[in-house]
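Visitor: Can you walk me through this one? I'd like the helices and how the chains touch.
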Amino acid sequence: MEFINGENISIVLFFVGVYGLIARRNIVKSIISLGILQVAIILYFISANSEAGIVPPIGDLSSAAAVADPLPQALMITDIVIGMGVTAASLTMFIHMYHRYGSTNWLKVKRKRMK
Amino acid sequence: MLPVLVGIPLLLIKFNTAKKIITIFQGFMVAASVLNFLYIKENGEVIQNVANWPNYIGVALRADLLAGSMVMLTTIIFMSMILFNTKKDFSDNMFLFLFTALEGLIIGIFLSNDLFNIFVLIEVATVIISILIMYKRDSRSIYDGILYLMINVVAMAFFLFGVGMVYKTVGVIDLYGLKEKIALLSGPESMILPYTFMITAISLKAALMPLFSWLPKAHGTPSAPSIISAVLSGLYVKNGIYLFIRIQDVFASQIDTSAMFIYMGLLTAVIGFLLAVVQDDIKLILAYSTVSQIGLIMMAVNLGDERAYWGGLYHVFNHAVFKSTLFLSAGVIVDHYKTRDACKIRGVYDQMPVISIVTIFAILGIIGAPFFNGSVSKYLISFGLTEFIGELGILIVNLGTVTIFVRFTEIFFGKSDLKKPSVDIYSTGVIVFLGILCFLGGIFGQVIISFLFNVSFDVEFASYIQKTASFIATLFLGYGLYYGFIKKINIAKFLQKHELTFNGVCTTIAIFFIFTLAYVRITH
């Protein structure tokens, strides 16, 4: 069961996200796959060096044996915000594009654009 | 940071005063960056730790000679752009704010010394650029905008994953710290995967084959204001190359993939000019030519010969100058003729003589005419190519570049029935300034190189003459090739039709990743 820890799950999630980007032609599904990619990375950073039973790096730490690494957690807060911003921007653009082209399929939109 | 901080309050000020303040502020930025650069030349690198954390732990800004010169280039080009835009009617406060924010971000990327900082800055820059390229609200470019945003975010996701793996193994993400720690590793095995992730991402930002398809869309989209295309082509892809140099440097002690990137660069350059010659839209011609030049620079930087390396870096500067000139003048031409089709635009020399002459300067620069800046950098690059494939390769690339611009110069001849345009002193002035820079960069090439990079080379007179001769020969060959051959064959329509969809691009990212992984695995 040691295979199921944060890192390995995040690697699996990452490749699920990449698969979604490659194989799905619906634009909203591509945006969702982007979100999956970002979550996978966040999970990877946070669980990278963790063992069982570590405590958050806040407050009284003198009694704790192992403390979680605070640097990735700080970086990931930034990353979550960035992910939120990017998702918001891409969804707005998607709505715009839907009103313009009337389709949620990458191929159809490309064809209409190239005409 | 300063550009962003100044840009924000400007949203509140009335429009006319805002323009003047921005121009003055921009002049201040240019002066500051020049002073900074001179300081670095005297005293060596400057490392400033934000909030005074000890080295390698906090966020640091580093300005060495390369970064300092890039920052100078950035501020000078932004200054020119802002002057260019003074009379345009679409640049309201929001645009100026986004534009100066972009400048702050690009400078930040050049100066930052740790990987996460780079990631954050690039992500924000991606969002800002996708808004800026859709600024004129042409509805066709909504597709280009969303494609640009999503492709770059995917690339950055790869990058961040690589950073995570590096952090897990090594524990620092500061570039200097990384370099030290990686040299201590016993073998490259643990670094292969994160290196591949990061290099895939950076190759996409630097628009290498096969990951460049976002670039023509972003740079040539109908609603991008010309200064945005100029800044993107001139500066932002250079960011990609700059990061490429830094990352290769960090991993150099364990992993060395220069051989692969030489061939990638060559392939990019060739495919870039092939696709450029068949385009109809003048902005797309310029965008594909950027791809081709980036291939050339990538080749030069990876060759390992010192002269070729600095030649490639000088070409970065040259390319920024002449691409900006070309994009700006293309913008002016498009505004006047109301069409972007190169087959329909004729008689530019008749209508706008000053701009035509300056554009010809820039074209001579990019094809490497003697006395112009392109020739100095290409001359230096050719030193690095000793084997036959390399020499043949660079001949083919030069030929291709000439052919592209033969097509481009078609717009100068002939007559047009439009009436003469009104002369906008700011735009014309800026274009003339940049065009003259092309010329000066050629004559004073050695002086400039030794000033910027602290290295000096002698340009032997005899081989320069030989270069001139081969240049003239290439010119004739390119002319003949274009008129005799390409115009007859109708490949144009065929090549224009094939565009990758978003899924196609992601597939190519995945394929590039796997290919690089296999290559690094096999050679290490």
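Guide: What follows is a short talk through chain B, its helices and its contact with chain A.

Visitor: Ground rules before that?

Guide: This is a predicted model, where local features need pLDDT of at least 70, side-chain atom pairs count only at pLDDT 80 or more, and totals for chains, interfaces and linings use all residues. Residues are numbered from 1 along each chain as its sequence is written, while chains are lettered from A and ligands numbered from 1 in the order in which they are written.

Visitor: How many helices and strands are in chain B?

Guide: Chain B has 22 helices and two strands. Helices (H or I, at least four residues) and strands (E, at least two) are DSSP runs, numbered from the N terminus.

Visitor: And how much of chain B is buried?

Guide: Of its 524 residues, 54% count as buried. Buried means 20 or more other C-beta atoms within 10 Å of the residue's own, exposed means 12 or fewer, and partly exposed is in between, with C-beta atoms placed from the backbone.

Visitor: Which residues have the most contacts inside the largest nonpolar core?

Guide: Those are Ile41(A), Phe119(B), Val154(B) and Phe159(B), in a core of 167 residues. Helix α6 (residues 141-170) of chain B gives the largest share of this core, 21 residues. A nonpolar core here is a set of buried Ala, Val, Leu, Ile, Met, Phe, Trp, Tyr and Cys residues joined through C-beta atoms within 7 Å.

Visitor: What is Phe159(B) in contact with?

Guide: Leaving aside neighbours within four places in sequence, Phe159(B) contacts Phe119(B), Phe197(B), Met198(B) and Ala201(B). Contact means that the C-beta atoms of two residues, placed from the backbone, lie within 7 Å.

Visitor: Back to α6(B). How many of its residues are buried?

Guide: 27 of its 30 residues are buried. From first C-alpha to last, α6(B) reaches 43 Å, close to the 44 Å expected at 1.5 Å a residue; the expected span is 1.5 Å times one less than the number of residues. Just after α6(B), Gly171(B) takes a positive phi of about 90°.

Visitor: Now the interface. How many residues does each chain put in?

Guide: Chain B puts in 28 residues and chain A 33. On the chain B side, α5 (115-132), α6 and α22 (502-523) each supply at least two residues. The largest share of that side, 14 residues, is from α6(B).

Visitor: Pick one residue from chain A. What does Ile82(A) touch?

Guide: Not counting residues up to four places away in sequence, Ile82(A) touches Val120(B) and Glu123(B). Ile82(A) lies in helix α3 (residues 70-101) of chain A, and is buried because 20 other C-beta atoms lie within 10 Å.

Visitor: Different topic: at what angle do α8(B) and α22(B) cross?

Guide: The axes of helix α8 (residues 189-205) of chain B and α22(B) cross at roughly 135° and come within 9 Å. Axes are lines fitted to C-alpha atoms, for helices over the stretch in contact, and angles run from 0 to 180 degrees between N-to-C directions. That makes α8(B) oblique to α22(B). Angles under 35 degrees count as roughly parallel, over 145 as roughly antiparallel, 65 to 115 as roughly perpendicular and the rest as oblique.

Visitor: And α10(B) with α12(B)?

Guide: Helix α10 (residues 226-251) and helix α12 (residues 282-302), both of chain B, pack at about 20° with axes 11 Å apart, and are therefore roughly parallel. Among the residues making this contact are Val237(B) of α10(B) and Ile294(B) of α12(B).
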